[in-house]
Structure formats: structure tokens, C-alpha cells
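Here is a friendly set of exercises to work through with the coordinates open in your viewer. Try each task before you read its solution.

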Amino acid sequence: MPEIRVTRPYMPPFAEYTEEIRELWDSRQITNMGKKHRQFQASLERYLGVPHTVLYANGHLALESALELFSFPPGSEVITTPFTFASTVHAIVRKGLIPVFCDIRADNFTIDTAKIPALITEKTVAILPVHTYGNLCDVEGLAALAARYGLTLIYDAAHAFGVTYKGVSAAAFGDVSVFSFHATKVFHTIEGGAQCFHDDRLLQASNDIKNFGIRSPEEIAYRGGNAKMSEFQAAMGLCNLRHVEDEIRKRKEKFLLYQERLEQVPGLRLNRIPTDTKANYAYMPVVFSGYPRSVPEVVQELRENHIEARRYFYPLVNDLPCYRDLPTTGGEKTPVAREIAANILTLPLYGDLETEAVESICKILRK
């Protein structure tokens, strides 16, 4: 029996991609913000409904660079969530900043806005929330909180491509929203990422950071790095952007089938989509609470049936060895996040996942 992976990248028709990259053989411009890069950037800005999108080689570099945009003093504190991929926190630390971990909401796994004020000190400069599994944070509450305390608000929107709240794109919230276009995401450019923002003043700074500070052949105005997206990545983005809504539609069908089959199973709690949100169905998280078997046991049984599920996110970032020495860390300080991390599992979900595969997974969990 072939293995059912937890995720599988969407790929456009082969001929469509080869046609998209054909002119690169003629132009020989395969990097340095060429034609495909410019076309993709403009297409993204239209799709996401934001005035500025700056493309990056990957989502992590886009996130690190977003923190660099604001020139925070070394040792400043950034409030974030421990229930995330390590990249979120690595970006903070690699910029000489200190992560302060806030607990999460049990219902949608995003940062708990009500618990943030108690963590704010004279060193706090920013809040970095994560739209977990594509579930949007309390964007209105966080905006009010950031304004009240004079804090920068940077969203890790890696999971939220194509999501809207009350008709507004996830890309439009905060001072900057950062996306990952990694191959495992709903929308990808193989590797890649982007920053989205409204402030015109950030545009030059973002381009400086990602391209050595080069402003002309004879002017280097900033000590920037190299985080440019290649023309081949941009071409993949152009292709996949044409198909992303169809991919989301197919994911929704599988998501709803999971819900139908599992919502009455005792001990399982499913992810709920608010009525004012257009979801992207990026993940299928299930919380095992009162279920007769432990999460590791469920993972093992699924594996024996050639099904890959992922404990995502486990362990918590603030329980990782590289962060245990921070005075602001430790999963015991974020009990809701620790409880969720110990009992959550993401099941396989992608557009071309076979209906029979979903039925097989649900049969195992129901029994």
C-alpha cells in the first residue's frame, strides 16, 4: 500500500511551467528581480489586496528581515507564541532580540490577546503573533493593543495565504505580514516568501535588506544581505497562483469529509472555521482529549497503516533545549500551549488526497 503523506505539494501542469520559464533561456536573466519576479510581485499584490509585496528567497529570511526593518535596539523584547514552528522564534533571536512567550487560546491555537499586557515591560518593542493552521489571530484586539502600548505588530502569516477575515486579506493586517511559500504550504514557489505592508517608507528598506543595499551600479546604501527570489521560483508562483483557489476548494472538500466522519467521535475536538472567515484549509488539526489512546499510540497505528500524521507543533518552542535557558521561557509558563502540543495531531490534507484515504484514516480513528 502506498504511503499517505501528511502533505503533498501542489504542482501545476508540467507544460504550463515549462512554457512559463521558456523565455528565461533566451533572456538568461534568472535572478536579480527580472521579468518573472516583477510579474509575480504585481500579481500577488492584486490577489492579496495590499499595496506593497516584497519577494524573498524563503519565508524565514522574510521574517528576519521584517524584524530588521524597524531597527529595534539589541536586547529588546518581542512577545510571541510558543505554539509555532521554530523559525518564528529563531528569527527573533537571530536579530539580537529576546522572545517572551505568551500562552495561546485553546479554541483556535493562536496567541491569547488577553494575556499579553501582563508580559509588556519597558523593553517590549513588538508583538509577533502567528496565524496558526490558517486560523487568524484576534487581529482587531491585537491592533488595539499595539496602538495602546506603541508596539510594532508583525504577523507570521506562513499558514494564512488566501485567508480573509470580513473580506480583508490576512496580508493586510499589522505593520507587516510575512508569508512562507515553502513547498508544503497551500500556495508555494518551491521555496520562497514575502513581506506585505501598507507603509511606503518600508519599501526601500526591505529591498535594501534583501539585495545588499544596492540602489544603483555605483551605490550601496545599506549593509544588506542576499535574500532575493529567483526567476524560477517566481515562475512557479505565477503558475500556482492561477490554480490556488481550485486547490483550496479541493482541500475544503477533504476537510469537510473529515469533519463529517469525526465530529461525533468521543475524545476528538476538531478545528472550527468562523463564519466571518474565508479559510484556506491548510491543515487538519485534531485535539485528542479523553480519547482512549494516546497521541503517540495513534501516530504508531497510523504509521503501521502507511499513513503519516504529524505532531505539529510538538514540542513547544519554549521547551526546546536551545531556548530552555531564557528567563522568559519554559512550557510550564504557557500551560494551555503545553496541553495542546501534547494532544494535537495534524492529519493528511491536500487537494489531490484521495477520498478513500480520508475514509481509511477516519475508520482507524473511529474504531
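Contact here means heavy atoms within 4.5 Å. Keep in mind that this is a predicted model.

**Exercise 1. A helix and its cover**

Find the buried residues of helix α5 (residues 139-149), and work out what covers them.

*Solution.*
- Step 1: List the buried positions, which in α5 are Val-139, Gly-141, Leu-142, Leu-145 and Ala-146.
- Step 2: Look down the axis. These residues span an arc of only 160°, so they sit on the same side of α5.
- Step 3: Turn to the other side of α5, where Ala-147 and Arg-148 are exposed.
- Step 4: Ask what lies over the buried residues. The cover of α5 includes β4 (124-128), β5 (152-156) and β6 (164-165).
- Step 5: Move past the end of the helix. Gly-150 follows α5 and has a positive phi, near 65°.

**Exercise 2. A serine in a loop**

Is Ser-76 buried or exposed, and which residues does Ser-76 touch?

*Solution.*
- Step 1: Locate Ser-76 in the loop between α3 (59-68) and β2 (77-80).
- Step 2: Check the accessibility. Ser-76 has a relative accessible area of 6%, so this residue is buried.
- Step 3: Collect the contacts. Leaving out residues up to four places away in sequence, Ser-76 touches Leu-97, Ile-98, Lys-123 and Val-125.
- Step 4: Look for a polar partner of the side chain. A polar atom of the Ser-76 side chain lies 2.7 Å from the backbone oxygen of Pro-73.

**Exercise 3. The nonpolar cores**

Which members of the largest nonpolar core touch the most other members?

*Solution.*
- Step 1: Recall the background: in soluble globular proteins, nonpolar side chains tend to be buried together.
- Step 2: Rank the members. In the largest core, which has 87 residues, Phe-83, Tyr-258 and Leu-347 touch the most other members.
- Step 3: See where the core comes from. Helix α7 (residues 231-262) gives the largest share, 9 residues.
- Step 4: Take Leu-347 as an example. Not counting residues up to four places away in sequence, its contacts include Val-6, Tyr-258, Met-284 and Ile-361.
- Step 5: Look for a core apart from this one. Another has 22 residues, among them Val-54, Phe-72, Leu-97 and Val-176.

**Exercise 4. Backbone angles to check**

Which peptide bond ending at Pro-315 is cis, and what is phi of Arg-28?

*Solution.*
- Step 1: Scan omega. The bond from Tyr-314 to Pro-315 is cis, with omega near -5°.
- Step 2: Go back along the chain. The bond from Tyr-312 to Phe-313 is also cis, with omega near 20°.
- Step 3: Place these residues. Phe-313 is in the loop between α8 (295-304) and α9 (335-343), and Pro-315 lies in the loop between α8 and α9.
- Step 4: Scan phi. Arg-28 has a positive value near 65° without being glycine, and Lys-166 has one near 55°.
- Step 5: Place them and check their accessibility. Arg-28 is in the loop between α1 (14-27) and α2 (35-48) and is exposed at 62%. Lys-166 is in the loop between β6 and β7 (168-169) and is exposed at 53%.

**Exercise 5. Cysteines and charges**

How many disulfides does a search of the whole structure find, and which parts does the salt bridge of Glu-301 and Lys-367 tie together?

*Solution.*
- Step 1: Search for disulfides; the count is 0.
- Step 2: Test Cys-239. The closest cysteine sulfur, in Cys-196, is 20 Å from the sulfur of Cys-239, too far for a bond.
- Step 3: Count the salt bridges; the structure holds 30.
- Step 4: Pick one pair. The side chains of Glu-301 and Lys-367 meet at 2.8 Å, N to O.
- Step 5: Place both ends. Glu-301 belongs to helix α8 and Lys-367 to the segment after α10 (355-366), so the pair ties together parts that are 66 residues apart in sequence.
- Step 6: Add the accessibility. Glu-301 is buried at 12%, whereas Lys-367 is exposed at 73%.
- Step 7: Finish with a network of salt bridges, which links Glu-16, Glu-20, Glu-23, Lys-35, Lys-36 and Arg-242.

Methods: Residues are numbered from 1 along each chain as its sequence is written. This is a predicted model: local features need pLDDT of at least 70, side-chain atom pairs count only at pLDDT 80 or more; totals for chains, interfaces and linings use all residues. Side-chain values use heavy atoms; hydrogens and water are left out. Buried means under 20% relative accessible area, exposed over 50%, partly exposed in between (1.4 Å probe, protein chains only). Helices (H or I, at least four residues) and strands (E, at least two) are DSSP runs, numbered from the N terminus. The arc is that of the directions from the helix axis to the C-beta atoms. A polar contact is a pair of N or O atoms within 3.5 Å; within protein, one must be able to donate a hydrogen and the other to accept it, and residues adjacent in sequence count only if both atoms are side-chain atoms. A nonpolar core is a set of buried Ala, Val, Leu, Ile, Met, Phe, Trp, Tyr and Cys residues joined through side-chain atoms within 4.5 Å. A disulfide is a pair of cysteine sulfur atoms within 2.5 Å. A salt bridge is a side-chain nitrogen of Lys or Arg within 4 Å of a carboxyl oxygen of Asp or Glu.
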